[in-house]
Amino acid sequence: MTTPLQTMSLQIFGISTGFVTAGAIIALSYSTVPIFLEHPNETSLRHLRALFSSGSHIFPQLAAAASTAFSVLAYNAPSSSSLRTQNLLAAAVSIGIAPFTIFVMKPTNMTLKEMGEEGQGGIEKSGGEQRVQELLRRFGRLNAIRGTILALGAGIGLKAALNP
């Protein structure tokens, strides 16, 4: 069992980590992708690779941390309570960005990464400049959806904390 202070700390951590991480992911979609679209594709793809690399070391771990906080809250809630169900749902939805990334985003991400690694030849081989622009827009949309998934998990956690 957790003490009331531990419970409150886990709630604050899970909710704030979820919302802040979701905001960062969504902000990348609406601030960075439009900038990529304004620059030469080869330059944009090089910067996107750096974005993928840094993001893969930050966002999954933060989503897992938020999910873990909600899981601990669920574990310590009475077994028949809606609080347990709400926190389990918050945990599952928060970590849901991982399968979304793997199963939905990965084909787009890998195509963009491969195009960037091969430079101009990779761009031409994979469908040309227009194809890069399409994939960058798709990445932006999918990334915004991924952030929204995490925000939904944090929102469920917030509801659980405010209305147990």
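**Reading contacts, burial and cores in a six-helix model**

Author: Ser94 is in contact with Ala63, Ser67, Phe70, Leu150, Gly153 and Ala154, once residues up to four places away in sequence are set aside. This is a predicted model, in which local features need pLDDT of at least 70 and side-chain atom pairs count only at pLDDT 80 or more, whereas totals for chains, interfaces and linings use all residues. Residues are numbered from 1 along each chain as its sequence is written, and side-chain values use heavy atoms, with hydrogens and water left out.

Reader: What makes Ala63 and the other residues that Ser94 touches count as contacts?

Author: Contact means heavy atoms within 4.5 Å, so each residue named for Ser94, including Phe70 and Leu150, has a heavy atom within that distance of a heavy atom of Ser94.

Reader: Why is Ser94 called buried?

Author: The term buried is applied under 20% relative accessible area, exposed over 50%, and partly exposed in between (1.4 Å probe, protein chains only). Ser94, which lies in helix 4 (residues 82-95), has a relative accessible area of 0%, and therefore it is buried.

Reader: What makes the approach of the Ser94 side chain to the backbone oxygen of Ala90 a polar contact?

Author: A polar contact is a pair of N or O atoms within 3.5 Å, where, within protein, one atom must be able to donate a hydrogen and the other to accept it, and residues adjacent in sequence count only if both atoms are side-chain atoms. The Ser94 side chain reaches the backbone oxygen of Ala90 at 2.7 Å, so the pair falls within the cut-off.

Reader: Gln86 is found in helix 4 as well; why does Gln86 count as buried?

Author: Its relative accessibility is 14%, which is under 20%, and so Gln86 counts as buried. Beyond its neighbours within four places in sequence, Gln86 is in contact with Ile156, Lys159, Ala160 and Asn163, and its side chain reaches the backbone nitrogen of Ala160 at 3.3 Å. The C-alpha atoms of Gln86 and Leu51, by contrast, are separated by 33 Å, although the two residues are 35 apart along the chain.

Reader: How do you know which of Asn109, Leu135 and Gln130 are buried or exposed?

Author: Asn109, in helix 5, has a relative accessible area of 11% and is therefore buried. Leu135, in helix 6, is buried because its value is 1%. Gln130, also found in helix 6, has 53%, which is over 50%, so Gln130 is exposed.

Reader: Where do these residues lie relative to others?

Author: Asn109 touches Phe52 and Phe139, leaving out residues up to four places away, while Leu135, on the same basis, is in contact with Thr108, Thr111, Leu112 and Met115. Leu135 and Asn109 are 26 residues apart in sequence and 8.4 Å apart in space, C-alpha to C-alpha. Gln130 and Asn41 are 89 residues apart along the chain, and their C-alpha atoms are separated by 9.3 Å.

Reader: What makes the 15 residues a nonpolar core?

Author: A nonpolar core is a set of buried Ala, Val, Leu, Ile, Met, Phe, Trp, Tyr and Cys residues joined through side-chain atoms within 4.5 Å. In the largest such set here, of 15 residues, Leu48, Leu112, Leu136 and Phe139 touch the most other members. Helix 1 (4-38), helix 2 (41-56), helix 5 (97-125) and helix 6 (128-162) each supply at least two residues of this core, and the largest share, five residues, comes from helix 6. Apart from residues up to four places away, Leu48 touches Phe36, Leu112, Leu136 and Phe139. A second, separate core has eight residues, among them Phe70, Ala90, Ala91 and Ile156.

Reader: How many helices and strands does the protein have, and how are they defined?

Author: Helices (H or I, at least four residues) and strands (E, at least two) are DSSP runs, numbered from the N terminus. The protein has six helices and zero strands, giving the pattern α-α-α-α-α-α along the sequence. Buried residues make up 40% of its 164 residues. Of the contacts between residues at least 6 apart in sequence, 80% join residues at least 24 apart.
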